[in-house]
Amino acid sequence: MKDIILLNREKPMYKGNLHLHTTWSDGRLPADEVVNVFKAKGYHFISLSDHDVYTRTTEFDTTDFITLPGTERGELNQVPDKNPGYHFGVLDDPTVEPREERYPHLHAFPVPVPWIGDHSPQLLIDELRDRGNLVVFNHPEWHLTRFEDMVKYDGFFAVEIYNHSTEWSTASSYGTAYWDHALQNGKRVFGIAADDSHTHQPDWAIPEYGGGWIQVQADALAQTEVIRSLKQGQFYSSSGPEVFDLRVENGELRIECSPCKFIMFKAFPQRGPFYGNFATGKPLTSATATIEEDMIYIRVECVDFEGNVAWTNPVFVEDLLK
């Protein structure tokens, strides 16, 4: 079994949010003010993912902060004005040559997207990819997405596994069950935590921004490098804890993290181990799990004493055996 370094504590991490809104759609603040809000919280990058409006905003980029072009494409519902439906996060991918012309800044999409059958979501995903984009399956729990959709549709590179705005508003924020359903059925997709924030009120005691993010390990803070790392799964998601190091050594998956209450290894078809100092309550900062050759994948969740979680991306065991 191969030894690999997935996240290296010796290399820099860049903190980012891929899902938020401004006055270009239904957000409260204009883009420049939203940029400043996230800069003040120590973020390195964001995507101004307004509803059905594509954004390209290099004017906000500096040496220590960048914005990634993108949008949130939605309003695709089998029954108009009903809750079950589809929203897709969209990120410009400069590492590919698109089949069709890339979307320009403030390109407005017609809504709603016509529903012409069960293949409608696949048609939208394909259209977005043809224009040179990565696609994220956004807030599946909040949108009452069917679990079989994780298997039925192809071409999305990630599932939004934590959406802070829906936790803040309707307590339907988690998408990990959808993610595992996709993984258990052979999909190679990653997990992303994000805000989906609209109001950006810094003085609220329970803010709806800054609650879900990703930490990307990239060679530089630049769009191409961040996107390349996202496509390779060189990042983790979090609503609180930090992951410092993640690697496979001698047939074991090893993780180092900030102090946590529990460390859980999620695997299939065998369940991974669960760690906690139940007698003493002392925090955990590392753990290991033996990787079985018949596992499809194994990933890690680190839970802090407030119930916040860090999620690593899956290790696909087949790749370790080649």
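**Close-up views of a predicted model**

**View 1. Surroundings of T312 in strand β20.** In this predicted model, T312 lies within strand β20, which spans residues 309-312. With a relative accessibility of 1%, T312 falls under the 20% limit and is therefore classed as buried. Leaving aside residues up to four places away in sequence, T312 is in contact with W179, Y236, V243, L246, I255, R299 and V300.

**View 2. An open four-stranded sheet.** The strands of this open sheet follow the order β1-β14-β15-β18, and their pairing is antiparallel. Because β1 (4-7) and β18 (284-290) each have a single partner strand, they form the edges, and one side of each is left without a neighbour in the sheet. Neighbouring strands are turned against each other by 15 degrees on average, direction ignored.

**View 3. Pairing of β15 with β18.** Strand β15, made up of residues 252-260, pairs with β18 in the antiparallel sense over six bridges. L253 is placed opposite A289 of β18.

**View 4. The largest cavity.** The structure contains two cavities of 30 Å³ or more, and the largest of them encloses about 70 Å³ of space. Its lining consists of L18, H19, T71, G89, V90, L91, V136, N138, E160, I192 and A194. The elements contributing two or more residues to this lining are β7 (86-92) and β11 (190-194), with β7 supplying the largest share, three residues. By class, the lining of the largest cavity comprises six nonpolar residues, four polar and one charged.

**View 5. The second largest cavity.** The second largest cavity holds about 30 Å³ of space and is lined by Q78, P84, G85, Y86, W115 and R146. Three of these lining residues are nonpolar, two are polar and one is charged.

Methods. Residues numbered from 1 in each chain as written. Predicted model: local features only at pLDDT ≥ 70, side-chain atom pairs only at ≥ 80, totals over all residues. Heavy atoms only, no water. Pairing = 2+ DSSP bridges. Axes fitted to C-alpha atoms, helices over the stretch in contact; angles between N-to-C directions. Buried < 20%, exposed > 50% of the residue type's maximum accessible area, 1.4 Å probe, protein only. Contact = heavy atoms within 4.5 Å. 1 Å grid on protein atoms, 1.4 Å probe; cavity = no way out; pocket = protein on both sides within 12 Å on 5 of 7 lines; lining within 4 Å. Points joined across faces, edges and corners; volume = space filled by probe spheres on them. Nonpolar A, V, L, I, M, F, W, Y, C, P; charged D, E, K, R; others polar.
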